[in-house]
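Subject: Structure handover

Hello,

Please find the structure below, with my notes after it. They begin with a question and then go through the chain part by part.

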Amino acid sequence: FSEEDSKIKFNGNVKVSIGDLKVVVESADVNVTNDQKLDTATFYDKPYAVEVNANKKREVKANILQVSLINKTVRAEGNAQSVITEGNTPIVVINADEQEYDTKSNVMVANGSVEIQYKDIQTLSDKAVIIADPKGGLKKIDLVGNARVKQEQNTSEGHHFIYNPITEEMSVSGNTKTIAITEDGKKLTIHSDFQQYNKKQNSYVGNGHVKIWFDEYYAQGPKVSVFPNPQTGKPNEVYFIGRSKIVQTDKDIIADKIKMTLDPKDFEAE
C-alpha cells in the first residue's frame, strides 16, 4: 500500500473478480478514496478479462485495462479487442484504439480506427456505439465518422450508420454511397443523402439527391427503391418516384416515374 499515491499495488499472477468479470494480469493497482473506498483498478502489461453470461462469453484484451469499481465501467486502452462468443462461435469481434464498456447499461463505446466483424458484416469507422442486452446479445450498432460497411460483395459508405441486428435493417446518412453487385457481376452504384437497407429482403431505399449508375445507364431523382430478383436475391428492379431523369448514351428521358430492370436490361418512363 502506497500512502503517498493512495494506491494498493499488486504484482505477479494477479487474479481479480469483479462481479461476473474475471481479470488475469501480472501487475495492477487500485486507487483508494479519502474515505477508504476502492475506486479504479488499473491492470498493466496486456491484461486479459473475461465475463461469462449464460452461454455467451465476452473477452477483452488491451495494453492497459481500467475498471471503475464505483461506476462499474471497463476501459481498454491501446490495441483494444473485445470478442463476444456464443457457445464456441465468435459472433462479434471489435478492434479499436480505445473501448469503454458500461456493465450496468450494457453499452460499449469504441474510438479510433474501429473495426467490427459481426457475422457476415464488416465495418470501419472513427467511432462506434454498441448496445447489448443483459444476456450479451446485440441490440444496436451505431457507427459515426468515415463509416464503411461491407457484406459479402456489397459495400456502403456514409457519415452515420445505424444497424439493428434483430430486424436486420440498416440506415445510413450523410453523403451515402452503396455499391451492390448484380447477378452477372456488374456494379449498381447508388448515391443519396439517406439510405435504408433491409438485409432479409435485400432491398434498398434512397432519399434525397439520388443518383444511380449501372452499365451505360445513369438516373437521378428524389427517391428510389431497389428490389432483388426473387430467384437470385440480387438487385434487379429500380423504381424512381418523383420527377426523375434517366440517361442512356444520347437519350435523356424525364418522367414522374421510372422503372429500370437490370436483367434483362430495360427501362420504362411514365
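Does Asp256 count as buried, partly exposed or exposed, and at what relative accessibility? Asp256 counts as partly exposed, since its relative accessibility is 44%, and the cut-offs are under 20% for buried and over 50% for exposed. Please keep in mind that this is a predicted model, so every value here is computed from a prediction.

The chain as a whole

The secondary structure consists of 19 strands and zero helices. For 270 residues the globule rule gives a radius of gyration of 18 Å, but the chain has 24 Å, well over that value, so the chain is more spread out than a compact globule. Along the principal axes, the C-alpha atoms fill a box of roughly 80 × 35 × 25 Å.

Of the 270 residues, 44% are buried. The chain exposes about 14100 Å², and 47% of this comes from carbon and sulfur atoms. Among contacts with a separation of 6 or more, 32% are between residues 24 or more positions apart.

The nonpolar core

The largest nonpolar core holds 61 residues. Which residues have the most contacts inside it? They are Ile116, Val238, Phe240 and Met260. Phe240 can serve as an example. Leaving out residues up to four places away in sequence, Phe240 touches Val210, Ile212, Ala219, Gln220, Gly221, Lys223, Val224, Asp256, Lys257, Ile258 and Met260. Asp256, from the opening question, is thus on the contact list of Phe240, and so is Met260.

The strands at the end of the numbering

Strands β17 and β18 pair in the antiparallel sense, over ten bridges. In this pairing Val247 stands opposite Asp252 of β18. The two strands form a hairpin with two residues between them. Thr249 is in that turn and has a positive phi of about 45 degrees.

β18 also runs antiparallel to strand β19 (residues 265-269), and five bridges join the two. Here Thr261 stands opposite Asp266 of β19. This is again a hairpin, and two residues make the connection from β18 to β19.

Salt bridges

As a general point, side chains of opposite charge can pair when their charged atoms come close. How many salt bridges does the structure hold? The number is twelve. Three pairs and one network are described here.

Arg243 forms a salt bridge with Asp256, and their closest N and O atoms are 3.0 Å apart. Arg243 lies in strand β17 (residues 235-248) and Asp256 in strand β18 (residues 251-262), so the pair ties together parts that are 13 residues apart in sequence. Arg243 is exposed, with a relative accessible area of 55%, whereas Asp256 is partly exposed at 44%.

Lys199 and Glu168 also meet through their side chains in a salt bridge, at 3.8 Å from N to O. This pair links distant parts of the chain, 31 residues apart: Lys199 is in the loop between β14 (187-198) and β15 (203-214), and Glu168 is in the loop between β12 (154-164) and β13 (169-181). Are these two residues buried or exposed? Both Lys199 and Glu168 are buried.

In the third pair, Asp142 forms a salt bridge with Lys140, with 3.9 Å between the closest N and O atoms. Asp142 is buried, because its relative accessible area is 13%, which is under the 20% cut-off. Lys140 has a relative accessible area of 29% and is therefore partly exposed.

The network of salt bridges links Arg75, Glu77, Glu98 and Glu100.

Two single residues

Thr73 lies in strand β7 (residues 73-86). With a relative accessibility of 17%, Thr73 counts as buried. Apart from its neighbours within four places in sequence, Thr73 is in contact with Gln66, Val67, Ser68, Tyr101 and Asp102.

Lys135 is placed in the loop between β10 (121-132) and β11 (138-151). Its relative accessible area is 58%, so Lys135 is exposed. Which residues does Lys135 touch, not counting those up to four places away in sequence? Lys135 touches Asn53 and Lys56. Along the chain Lys135 and Asn53 are 82 residues apart, but 6.0 Å separates their C-alpha atoms.

Regards

Note on methods: Residues numbered from 1 in each chain as written. Predicted model: local features only at pLDDT ≥ 70, side-chain atom pairs only at ≥ 80, totals over all residues. Heavy atoms only, no water. Core = buried A, V, L, I, M, F, W, Y, C linked by side-chain atoms within 4.5 Å. Buried < 20%, exposed > 50% of the residue type's maximum accessible area, 1.4 Å probe, protein only. Contact = heavy atoms within 4.5 Å. Helix = DSSP H or I, 4+ residues; strand = E, 2+ residues; numbered from the N terminus. Salt bridge = Lys/Arg side-chain N within 4 Å of Asp/Glu carboxyl O. Rg over C-alpha atoms; globule rule 2.2 N^0.38 Å. Areas by Shrake-Rupley, 256 points an atom, 1.4 Å probe, with all protein chains shown as cover. Pairing = 2+ DSSP bridges.
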